[in-house]
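Reader: Before we talk, please put the model in front of us, as I would like to ask how the terms used for it are justified.

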Amino acid sequence: MTYIRRSLRLYLANRSWALYTPLYILGIMTMFSVIIAGIIGISVGYPLPDDIVQNMRYNGGALYAPPGFLFSVGVLAMNRNFSMALAFGSTRRDLWLGTSIGFLITSTLVGLGSLVFLALERATDHWFIGARAFDVQFLAEGDLVRTFTTMFLLAILSLYAGAFFGTVFRAFGTVWTAVSAILVTLALLGVIALAVWQSSLTSELWDSLGAWLLLNIAAVLALLAAAGSYAVNRRAVV
Amino acid sequence: MENAEILQRMCFVREDQRYNDAFSVRDILAVAPAFYPTWSSEVADRLTERFRLPMRTRSKKLSRGQRSALAITIALASRAAYTFLDEPYLGLDASSRAIFYEELVGEYAVHPRTVILSTHLIDEAAALMEEVLILDEGRIVLQTGVEEASRGSFIVRGREAEVRTLVADRDILTERRLGGLLSVTVRGELREDDHELAEELRLSLESASLQDFVAALGIHSLDRATDRPETLEKAS
């Protein structure tokens with residue numbers, strides 16, 4: 001455990017990068033959502049009328065804002081931290097395990113941060129003007145478990161996806177990183193094609209699981225990315 | 001299979017070591033102690049001060065010399081049982097290199113450990129070495145003490161005919177011609193009457209430095225590998 005803890009400390013060495021910035025991103029996304037709602041309110045008045053509020057229920061900012069940054073954190077954690085950890089006498093396995101614990105911490109923080117913003121949003125009656133960032137349709141409109149689970153899975157999927165491609169780059173170089181990106185995209189398109197082809201089965205699953213179907217798919221993808229990064233990491237060289 | 005217990009006794013900061021772009025020097029030096037139970041904060045603080053390392057600067061913004069200074073700081077402060085120094089002086093000015101040699105010797109005296117140093121400034125590093133081991137394509141071509149190695153070759157300069165008279169039956173490593181003058185590096189120790197003969201033939205005779213010797217061995221090996229009858233210098 002001592003060896004794994006060292007890699008965890010490496011991941012957490014820059015707190016701003018691993019802990020605070022994901023929360024800043026959630027905050028900035030909320031701020032922009034409120035500002036946009038405020039600008040709309042200049043012409044339609046405050047509080048925002050019902051039709052505008054209904055549209056804001058489909059605000060996907062929380063879905064789009066965190067993945068880009070977290071993907072880059074995943075890339076750097078498994079790519080640049082790899083060189084550092086090996087220079088400092090770590091094993092590949094310990095680096096992967098320590099970093100994975102770090103990913104869990106970051107993702108949990110994103111989930112909890114989302115709950116805090118949701119609570120603030122509700123306590124202020126949607127930022128006093130009817131603006132919505134977390135009390136939205138795809139986060140089950142205030143369902144705490146769905147909000148936490150969705151944001152947690154979104155974060156950990158982004159981190160492991162970045163870790164996978166970062167490790168592929170470290171092990172096989174630029175060409176194979178591009179090839180693996182193409183293959184992953186084709187595989188995802190294949191799954192979508194399968195879902196369309198078997199539309200009756202897909203409908204049945206959607207009826208029984210609802211949005212949890214997408215969350216389960218996200219969890220499976222995160223596990224696949226994690227397993228892929230672990231397997232490739234064993235072959236990576238400095 | 002990597003062995004964590006053994007690896008934690010090693011420190012190998014490469015010449016082109018990459019760090020996390022988001023990390024400042026302070027971040028890197030804050031996390032390094034977690035990897036080494038033997039880490040000395042005192043050494044790290046002293047070296048960062050002596051090398052004037054900018055603690056808040058991100059790793060990707062460091063100059064070549066600052067990267068070398070950071071690598072030296074980590075390697076010496078780690079007090080790892082097996083410390084690898086890969087071209088540690090690149091980009092360092094003469095005074096910073098002097099600090100490095102001084103700190104390396106000081107640290108080694110207080111905490112002896114195995115230090116493996118790769119360098120191209122052989123004469124500058126020679127004072128640190130006790131034994132010289134020269135590898136050529138994985139084969140050991142020389143293993144001896146530093147003093148013996150320094151005595152193990154000499155350079156003869158003068159007019160070609162006279163130089164050839166003196167080195168006639170010797171093991172010639174390299175030849176360099178400039179007009180009618182010839183400079184020859186010879187492997188082997190000087191004989192008793194060499195100085196007398198050199199004076200008589202009006203030749204200059206001097207011991208080769210360790211760097212001259214190693215360079216001559218390298219050129220000699222290259223010439224043999226390419227099967228060239230003449231040395232590279234001779235052709236020029």
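Reader: How many salt bridges does the rule find across the interface of chain A and chain B?

Author: The rule finds two across that interface, in a predicted model where local features need pLDDT of at least 70, side-chain atom pairs count only at pLDDT 80 or more, and totals for chains, interfaces and linings use all residues. Residues are numbered from 1 along each chain as its sequence is written, chains are lettered from A and ligands numbered from 1 in the order in which they are written, and side-chain values use heavy atoms, with hydrogens and water left out.

Reader: Why is the meeting of B:E2 and A:R92 called a salt bridge?

Author: The term requires a side-chain nitrogen of Lys or Arg within 4 Å of a carboxyl oxygen of Asp or Glu; the side chains of B:E2 and A:R92 meet at 2.2 Å, N to O, and therefore the pair qualifies.

Reader: What makes residues of chain A and chain B count as being in contact?

Author: Contact means heavy atoms within 4.5 Å, and by that criterion 24 residues of chain A are in contact with 29 residues of chain B. A:R6, A:R80 and A:F88 supply 30% of the area that chain A buries against chain B, more than any other three residues, where buried area is the accessible area (1.4 Å probe) that two parts lose on being put together, summed over both.

Reader: How large is the area buried between chain A and chain B?

Author: That area is about 2300 Å², and carbon and sulfur atoms give 60% of it.
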